[in-house]
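User: Hello! I am new to this structure and would like a friendly walk through its ligand site. Could you show me the sequence and the model?

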Amino acid sequence: MTNQTNLEQDQPRQQPQFDSNEETTHFGFKTVAKSEKQKMVANVFHSVAGKYDLMNDLLSFGIHRVWKRFTIDCSGVRKGHKVLDLAGGTGDFTAKFSRIVGDTGEVILADINDSMLRVGREKLRNLGVVGNVNYVQANAEALPFPDNTFDCVIISFGLRNVTDKDKALRSMFRVLKPGGRLLVLEFSKPILDPLSKIYNFYSFNILPKIGEVVVNDGESYRYLAESIRMHPEQDILKQMMTEAGFEQVNYYNLSAGIVALHRGYKF
Ligand SMILES: C[S@@+](CC[C@H](N)C(=O)[O-])C[C@H]1O[C@@H](n2cnc3c(N)ncnc32)[C@H](O)[C@@H]1O
C-alpha cells in the first residue's frame, strides 16, 4: 500500500467532466460520470481516513457503536465461521467478529481504499487482533473470492458509496455460502417527520462544519450528508436485495430509521 493520504489531501477536488452520452450516477447531489464516481469517493476516504474513527464517535455521539452491536447480534456468526467485512474501513466489525469466530474461523477485511485499510490494519494490530484476520483491497462490485466462500457478509456504511449497487449485491450473493446471510447497515430514511427536520438541519449545517474544524475538510462531510439522502430508502433496498437473489429479506429501523439494518439469506 502506498502512502496516499497526504498526497490526495494536497490535491484540489476535481470537477467531473463527462459527455452527454456517458452513463451517469450520483455523487451526493451532483450528477457525475459513472467512471468518475469511484475516484471521487476515493478522494473522500483518503482525506478522512486518519480521523475516521474520531469523527464517527463525534458525529453520531457514539451511537454508531449501538447500531454495530445490534448488527452483530443479528449476524448469527459463530466460532469457526468465515466472515467478510466488506467496505470494512477501519475494521470495527472485523475486531468484533475476529473474537467470535476464534482460531478456527477467519475474517477478511476488504476495502477499495488503501488509506482506510492501512488505518484499519494499524488499529487492529494495536488492539491485538491478529491471526485470523486477512486484508484485501477489493471493489465490492467485483469481489475476488470464489463462489460460496463466506458464512456472513457485512457491509456497514459502505453500500451508499458504491457506484453500481446492484452489481455489488450480486457479487455479495455469489460469495456467500448457501445458508449464509448478508447484513447491510446503512443510513436510511427517518420515519418521524419532526426528527427529519432536526436531522436535516444537523446534516447540512452542523456536520460539514465539524468536518471543516476536525479534518479540515467540510466538503467530504457535505458529501456524507448528500449521499445519505440519495441512498435507496428501506423498501427500495429490500427490493434490490431480493432482485439480487436474497431471500427472507427484512430490515430493522434503528434510531427511528436514521439507520436501517437489512438482512437477507442465500439458500
Ligand atoms: C463510511 S466507511 C465505513 C467503514 C466501516 N464499514 C464502518 O462501518 O465504520 C465506507 C467505506 O466504504 C469503502 N468503499 C467505498 N466504495 C467501495 C467499493 N466500491 N468497494 C469496497 N469498498 C468501498 C470506503 O473506502 C470506506 O472505507
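Analyst: Here are some questions and answers about the listed binding site and the ligand in this predicted model.

User: Which residues does UniProt list for "binding site", and which of the 20 residues around the ligand come nearest?

Analyst: Let's start with the record: the unreviewed UniProt entry lists T90, D111, N139, A140 and S156 for "binding site". In the model, 20 residues surround the ligand. Those that come nearest are A87, D111, N139, A140 and S156.

User: Is D111 buried or exposed?

Analyst: D111 sits in strand β4, which covers residues 106-111. Among the residues it touches beyond four places in sequence are A87, M116 and V136. Buried means under 20% relative accessible area. D111 has 7% relative accessibility, so it counts as buried.

User: How many Å separate a polar side-chain atom of D111 from an oxygen atom of the ligand?

Analyst: It helps to look at other polar atoms by the ligand too. A backbone N or O atom of I112 is 3.4 Å from a ligand nitrogen atom, and a side-chain N or O atom of N139 is 2.9 Å from a nitrogen atom of the ligand. For the polar side-chain atom of D111 and the ligand oxygen, the distance is 2.6 Å.

User: What share of the ligand's exposed area does the protein bury?

Analyst: Picture the ligand by itself first: taken alone, it exposes 590 Å². The protein then covers part of that area, and the share it buries is 97%.

User: Which class has 10 residues in the shell around the ligand?

Analyst: The elements giving two or more residues to this shell are α2 (34-48) and α3 (52-60). Sorted by class, the shell has 2 charged and 8 polar residues. The class with 10 residues is nonpolar.

User: Why does A140 count as buried?

Analyst: A140 is found in the loop between β5 (133-137) and β6 (150-156). Leaving out residues up to four places away in sequence, A140 touches L86, V162, A168 and S171. A140 counts as buried because its relative accessibility is 7%.

User: With which side chain does the side chain of T90 make a polar contact?

Analyst: T90 has its place in the loop between β3 (82-86) and α5 (92-101). T90 is buried, with a relative accessible area of 2%. Its contacts beyond four places in sequence include Y52, D53 and K123. The polar contact, at 2.7 Å, is with the side chain of D53.

Conventions. Residues numbered from 1 in each chain as written. Predicted model: local features only at pLDDT ≥ 70, side-chain atom pairs only at ≥ 80, totals over all residues. Heavy atoms only, no water. UniProt positions renumbered as here; feature names shortened; annotations may be inferred. Helix = DSSP H or I, 4+ residues; strand = E, 2+ residues; numbered from the N terminus. Buried < 20%, exposed > 50% of the residue type's maximum accessible area, 1.4 Å probe, protein only. Contact = heavy atoms within 4.5 Å. Near = heavy atom within 4 Å. Polar contact = N/O pair within 3.5 Å; in protein donor to acceptor, adjacent residues only side chain to side chain. Areas by Shrake-Rupley, 256 points an atom, 1.4 Å probe, with all protein chains shown as cover. Nonpolar A, V, L, I, M, F, W, Y, C, P; charged D, E, K, R; others polar.
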